[in-house]
Amino acid sequence: MGKTLFEKVWDNHIVDTVDGGQEILFIDRHFIHEVTSPQAFDGIRKRGIGLYDKNRIVATADHNVPTKDQHLPIKDELSRLQVDMLTHNCEEFDIDLYGLGHKNQGIVHVIGPELGVTKPGMTIVCGDSHTSTHGAFGAVAFGIGTSQVEQVMASQCLLVQRPKTMRIIIDGELGNGIYSKDIILYIISKLSTSGGTGHFVEYAGSAIRSLSMEARMTICNMSIEMGARGGMIAPDQTTFEYIKGREYAPSGQQWEEALAYWSTLYSDEDAVFDKEYVFNAEDIEPMITYGTNPGMGMGITQHIPTTQEVERPDNLLQSLHYMGLTPGASLLNTPVDHVFIGSCTNSRIEDLRIVADYVRGKKKADNVQAFIVPGSKQVEAQAKAEGLHDILFEAGFELRGPGCSACLGMNEDKIPKMEYCVSTSNRNYEGRQGPGARTLLVSPLTAAVIAVEGKVVDPRKYLNEEAPA
Amino acid sequence: MEKFSTLLSPAIPLVQENVDTDQIIPARFLKATSREGFGEHLFKDWRFDEQGHPKSDFILNNSEYSGSILVAGENFGCGSSREHAAWALVDYGFKAVVSSYFADIFKGNALNNGLLPVQVSPSSLKELLAAIQSNPMTGIEIDLEAQLLRVPEIGIQEHFEINPYKKTCLINGYDDIDFLLSQKEKISAFELKHIEF
């Protein structure tokens, strides 16, 4: 029997199998950030042991860095302490740090791929659930807790139970104005927020193959939102072209060898998955969430479910009460207060280009505060070089420095209570963007159109014929 | 890590499904650099209003209910990987969480902190929640050695699954790092033959 892509990469990293079927999995790259690492460093110190291999760790500050005045000391004392502690820990243990102010600083899941650290066939972990992003390169990448961060620091390994496998095939062509964010929100709305639990997902099919690397990252990024351990896509020419020439990409003879190996990373035809789903790209509309978990999403022209249409009406009502919405209603024409474009899901250069292309020569609506937080310093520099910053500025968008920002409201970028935020991020949980904040998750294009119209609209009605698909 | 053997306690019923780690501990409280003190922020926005007063309709503020077992709706702990969620539950005084389904990362984090996730069938969960709601002093017994959850009052006795290695760790208060450190030779030998680009 053939192997799945996941099995090929996973099996290549098994050091040993122990009691109860747990496996010792070797970890190639370990990303760390300021929030989930301090207690792990503490543990290493208390045990009086060193790091297994400092060269396999890459650090950045992202979760609670401010996005304004990044050159000044961080105002919030606790945030400053945590960021300073990361700097101190990286100095003490001699770890590469892309800290605040560094030209490579940014959201950990944006900088890994853009530096060429993320490569096919690797095992990658980080104390952050959106580590699944790196799976877009055909890596086994997943989020871990702080105790596991300490395990990897100490031994370069994790003791783990092998997940089951799942394949999600999306065949067909996406309609005009439909993006990879819509694909993943569609999948999660079908499978629910726990539909992937215990599984590692491979995304396949013609609609996936046609996507750029950045679009693929958006899909793998949100695998965790259906409970999956991670998501991955088989590397192909698109992947290789993206990696080539990046700072940590192999070159010369090594590149040829890498390419030969990477080209073997796909699911064999006779490989068997524990679960399989097939969807049709033509069925996917621009998506929007109406509730308080990412599974509560719908096509933007659809109506919110009624209490008769769901299994647990009490949960639906509680969620809609928080959101200030009514069962059975349409979201179209709902006025919006904020538009946030950012997060490890949608803050890369292509996302900014989509937004800038649409808002060029237009103005955001007066009732909307629109802000853009690029994923990294490199994305920010590229956007400036391409003139996107000027277009966005003229359209009335506020442009900030890189970080996780309003995706999780750890820094001062919070959405006020009961206000609606149309967001390109990944989670619409209660209070996620600030206490009482009401989040509507969408693609960057949908966010851009809504920013201009000031209310929820179907973006397809506002596209001219030559708009990029 | 504290050793876990048998637990006998009344429980607190949290009927919501899909309780995510942003509710268990909101991101703005993740700025601490130690593992202690997160209990005071457990379920912060469900537990307290903006002035910091306890919300009377939240179950942890209902003095009828007490105990070191949390019984929660399906898919508990989804979302962010923050181990702070497990630390907050432990710091508050919980030793076990019972649900019909746990999110993967949360489950791992709980086990690494001596907090036992006990997965029961959806029908048992329903009965259990109803029993606690009608009598808050309903005693629940969790026997880790025998892998049994017993509620004598309503005649429930249900076997639960746990990885044998993790069970040994919990019973003895060991953690994974001690084990992995003992495997260093094997790991180094693996690394020598491991090809990576």
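Buried area is the accessible area that two parts lose on being put together, summed over both. With that in hand, here are some close-up views of this predicted model.

**View 1. Chain A and chain B share an interface that buries about 5300 Å².** Of that area, 55% lies on carbon and sulfur atoms. If you count residues instead, 75 residues of chain A are in contact with 57 residues of chain B.

**View 2. Salt bridges and polar contacts link chain A to chain B.** There are 11 salt bridges between the two chains. To see one up close, look for Arg312(A) and Glu17(B), whose side chains form a salt bridge with an N to O distance of 2.7 Å. Across this interface, 33 residue pairs are in polar contact, with both residues at pLDDT 80 or more.

**View 3. Helices and strands of chain A contribute to the side that touches chain B.** The strands that give two or more residues are β1 (14-17), β2 (23-26) and β8 (157-160) of chain A. The helices that do so are α2 (38-47), α3 (77-93), α5 (146-155), α10 (252-262) and α11 (313-323) of chain A. With seven residues, α5(A) provides the largest share. By class, this side of chain A has 26 nonpolar, 30 polar and 19 charged residues.

**View 4. The largest pocket has a volume of about 1100 Å³.** Its lining is made up of 39 residues. To find the middle of this pocket, start from Tyr290(A), Asn293(A), Gly295(A), Met296(A) and Val310(A), the lining residues closest to its centre. Elements that give two or more residues to the lining are α6 (180-191), β14 (297-299) and α11 of chain A. The most comes from α11(A), which gives four residues. You may recognise α11 of chain A from the previous view, where it is listed among the elements on the side that touches chain B. The pocket lining divides into 11 nonpolar, 18 polar and 10 charged residues.

**View 5. The largest cavity has a volume of about 210 Å³.** This cavity is one of four of 30 Å³ or more found in a search of the whole structure. Which residues lie nearest the centre of the largest cavity? They are His63(A), Asp128(A), His130(A), Leu408(A) and Arg432(A), out of a lining of 24 residues. Sorted by class, that lining holds eight nonpolar, 11 polar and five charged residues.

Terms used: Residues numbered from 1 in each chain as written. Chains lettered and ligands numbered in written order. Predicted model: local features only at pLDDT ≥ 70, side-chain atom pairs only at ≥ 80, totals over all residues. Heavy atoms only, no water. 1 Å grid on protein atoms, 1.4 Å probe; cavity = no way out; pocket = protein on both sides within 12 Å on 5 of 7 lines; lining within 4 Å. Points joined across faces, edges and corners; volume = space filled by probe spheres on them. Nonpolar A, V, L, I, M, F, W, Y, C, P; charged D, E, K, R; others polar. Contact = heavy atoms within 4.5 Å. Buried area = accessible area lost by both parts, 1.4 Å probe. Salt bridge = Lys/Arg side-chain N within 4 Å of Asp/Glu carboxyl O. Polar contact = N/O pair within 3.5 Å; in protein donor to acceptor, adjacent residues only side chain to side chain.
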